[in-house]
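Me: I would like to go through a protein model by question and answer. Please keep the replies short and give the reasoning before the result.

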Amino acid sequence: MIPSVNESGSRTIGLLTYLYGPGKREEHTDPHLVASFDGMSPDPGRDPNATLKDLQQLLDQPVMALAKHARPAKHVWHTSVRADPRDRILSDEEWADIARRIVAATGIDPGEGQPGCRWAAVRHADDHIHIVATLVTEDGHRPDDFRSGARAQAEARLIEKKLGLRQVAPGDGTAAQRPTSAERHKAERQGRERTAREELRETVRRAVAGARSDEEFFDRLAAAGLLIRKRVAPSGDLLGYKVALPDDLNKDGEPVFYPGARLAPDLSLPRIRERWSTDTQDASASGQEEVIRTGPGTPAAARRRTASAVWQAVLVVEHSEDAVAAAHIAAAGEVLDALAKTSAAYTRRELRDAATAFERASRSHVRAVRGHDRALRQAARDLVRGGPALGRGEDGATTAMAIDMLFFLITAAAHWHARKGHAQQAEAATRAAEHLRTAYQATSAQPLGVLYQRGRRLSRPMLQQQTVLLRKALPGLAEQILAEPGWYALAATIAEAEAAGHDPAALLSAAVGHRELDTAESVSDVLVWRMRRTADLPADASPRSENGTAGVQSATRRTAPQTSAPGRRRSGEETSGKTR
């Protein structure tokens, strides 16, 4: 249940006319009162003898009783209370009780002998009511409605429990502003999947990802096709900005501009500048300017570097100070935005949904200390500059590798928020992780299928040797891994790493150390990507892979000369069947 307290207004009759009218899209059905301050207020919806003017005059009476100079300029208080779409339809009696509890909790009509304001609750749909009140009490004073929005939210949590409704996670004031009903209706009329506010928020977030200066940020916004207005001080200093979609117009045919801060609290220009002001200083101090000049290389190289940065960030989030962890969580959002922007079409939707969900988890009351997150911000920059990735070959396989690492970082963020009591952020991160899981399954099937086939073709002596190695290196996980279909892909990776001169036991131990695996559906899959990243093995092990498979083939011949060289047959004949 979501109460939404609106800005105070000045015309009671105007609001009542809307609530009892057909709505902007004929969406209002059977408007009627469910409750009021005295239980006897006229109902223009169901009483043919009652008028809107009657109800307006009754509600405004305490206001009009004051001297004209003493009347508040904006005396109309308005809140909507909306049930979750998955809740049952509530009766008028239940909505009446909800209205009485909300006005009491917010100080509009506190009860218990205290003077209250006049109010009425109107229902014109199954899933919500509107409460209208006038902000003068019966004894002529201003009500104690300070922080009425937060108080309404707290009461809604209690109402949900009492009525057995879906529990909405409590907020902390750091969420982005929701689209208004007018914005939603406008998007529906125009056939848009999302409101202009939501489209602009995503576009601005993607423009921020990895950016290092005002100029680069605004260049990206312009390249994305947005209209931009900059707010400049008399001194010439840039103070802020607004953005608009070219085809989102008001009634006068003019573009509707949104300030960055109205899109999300961390998208104001001062908050955005916090990211790249530390980036520039730290990059200069640490010699990273050479990376900036030479560029990130291929999409696959950018994804490998992203996997490495994310791998380190998991440990930071789990063990560092709050401000440092918060910075890495915020930067993880930039990586998600950049990955969604540059990935192949068949995973772009899930990755975009993951980034959209995680947007809520990227902010909390724990203020991020920027600068510590520069490796993740550099990863986001590399992804953007690396350009669009193909959905196959090394591009596709390294995308799976990066998503695998991101899944654990986003899960670590969910755990961090949960420990801090950030319910909405923890829920958002958990939803983002589920989208990543789905994207991972789509991207990993082909490269893991190739490795699975290769593992199945390893000789029996080699498989026995690797089984002994696994049990010795990971005694607590070995039996679980051996029972997984993905074991054969891991066995092929172990053979390839050994052929390349690495110590497989050390790689396995390092892959498991200090990183949780409880949320993995397949531990062997996770170890495959971690080993291939650490050992710098090609993510795509198919025969067309640039680096080929000669090392593994030679190792196989040395161990089992009777076995044909693995990897000659294309994947697809048999797949691992279980991912993540």
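The turns below deal with confidence, overall make-up, cores, a pocket and a few single residues of this predicted model.

Me: What is the average pLDDT of the protein chain?
Reply: This is a predicted model, so confidence comes before geometry. Of the residues, 89% score at least 70. The average pLDDT of the protein chain is 88.

Me: Which element has the lowest mean pLDDT, and which the highest?
Reply: The low end is helix α10, residues 289-294, with a mean of 37. Over residues 283-295 the pLDDT stays under 50, and the model has 16 contacts there beyond four places in sequence. Where pLDDT is low, the predicted coordinates should not be read in detail. The lowest is thus helix α10, and the highest, with a mean of 98, is strand β4.

Me: How many contacts beyond four places in sequence does the model have for residues 546-580?
Reply: Over residues 546-580 the pLDDT stays under 50. Low pLDDT is a reason not to read predicted coordinates in detail. With that caution, the number of contacts in the model is 66.

Me: What share of the contacts with a separation of 6 or more comes from residues 24 or more positions apart?
Reply: The protein chain has 22 helices and eight strands. Buried residues make up 54% of its 580 residues. For contacts with a separation of 6 or more, the share from residues 24 or more positions apart is 73%.

Me: Which residues have the most contacts inside the largest nonpolar core?
Reply: In soluble globular proteins, nonpolar side chains tend to be buried together. The largest such core here has 90 residues, and helix α15 (residues 393-420) gives the largest share of them, 14 residues. A second, separate core has 26 residues, including V34, A83, W95 and A96. Inside the largest core, the residues with the most contacts are F358, L490 and L508.

Me: Which residues is L508 in contact with, leaving aside its neighbours within four places in sequence?
Reply: L508 is one of the residues with the most contacts inside the largest core. Another of those residues, L490, is also in contact with L508. The full list for L508 is L469, L470, A473, L474, L490, I494, L527 and M531.

Me: Is A402 buried or exposed?
Reply: A402 is found in helix α15. Beyond four places in sequence, A402 touches R303, T306 and A307. Its C-alpha atom is separated by 9.1 Å from that of Y440, 38 residues apart along the chain. Because its relative accessible area is 0%, A402 is buried.

Me: What is the volume of the second largest pocket?
Reply: This pocket has 19 lining residues, and the closest to its centre are R271, S362, R363, S364 and A368. Two or more residues each come from α9 (269-286), α12 (322-342) and α15. By class the lining has eight nonpolar, four polar and seven charged residues. The volume is about 250 Å³.

Me: How far apart in space are V208 and E334, C-alpha to C-alpha?
Reply: V208 lies in helix α6, residues 196-208, and counts as buried because its relative accessibility is 1%. Its contacts beyond four places in sequence are F217, R220, L267, I272, R275, E334 and R377. V208 and E334 are 126 residues apart in sequence, and the distance in space is 7.5 Å.

Me: Is E112 buried or exposed?
Reply: Most residues other than glycine have a negative phi. E112 is not a glycine, yet its phi is positive, about 55°. E112 sits in the loop between α3 (92-105) and β4. With a relative accessible area of 79%, over the 50% cut-off, E112 is therefore exposed.

Me: Where is D536 found?
Reply: D536 also has a positive phi in a residue other than glycine, near 60°. D536 counts as exposed because its relative accessibility is 57%. The location is the loop between α21 (523-534) and α22 (550-559).

Me: Which residues is A105 in contact with, leaving aside its neighbours within four places in sequence?
Reply: A105 is in helix α3 and counts as partly exposed, at 21% relative accessibility. A105 and A152 are 47 residues apart in sequence, with 6.4 Å between their C-alpha atoms. The contacts of A105 are R151 and E155.

Key:
Residues numbered from 1 in each chain as written. Predicted model: local features only at pLDDT ≥ 70, side-chain atom pairs only at ≥ 80, totals over all residues. Heavy atoms only, no water. Core = buried A, V, L, I, M, F, W, Y, C linked by side-chain atoms within 4.5 Å. Buried < 20%, exposed > 50% of the residue type's maximum accessible area, 1.4 Å probe, protein only. Helix = DSSP H or I, 4+ residues; strand = E, 2+ residues; numbered from the N terminus. Contact = heavy atoms within 4.5 Å. 1 Å grid on protein atoms, 1.4 Å probe; cavity = no way out; pocket = protein on both sides within 12 Å on 5 of 7 lines; lining within 4 Å. Points joined across faces, edges and corners; volume = space filled by probe spheres on them. Nonpolar A, V, L, I, M, F, W, Y, C, P; charged D, E, K, R; others polar. pLDDT = per-residue confidence, 0-100.
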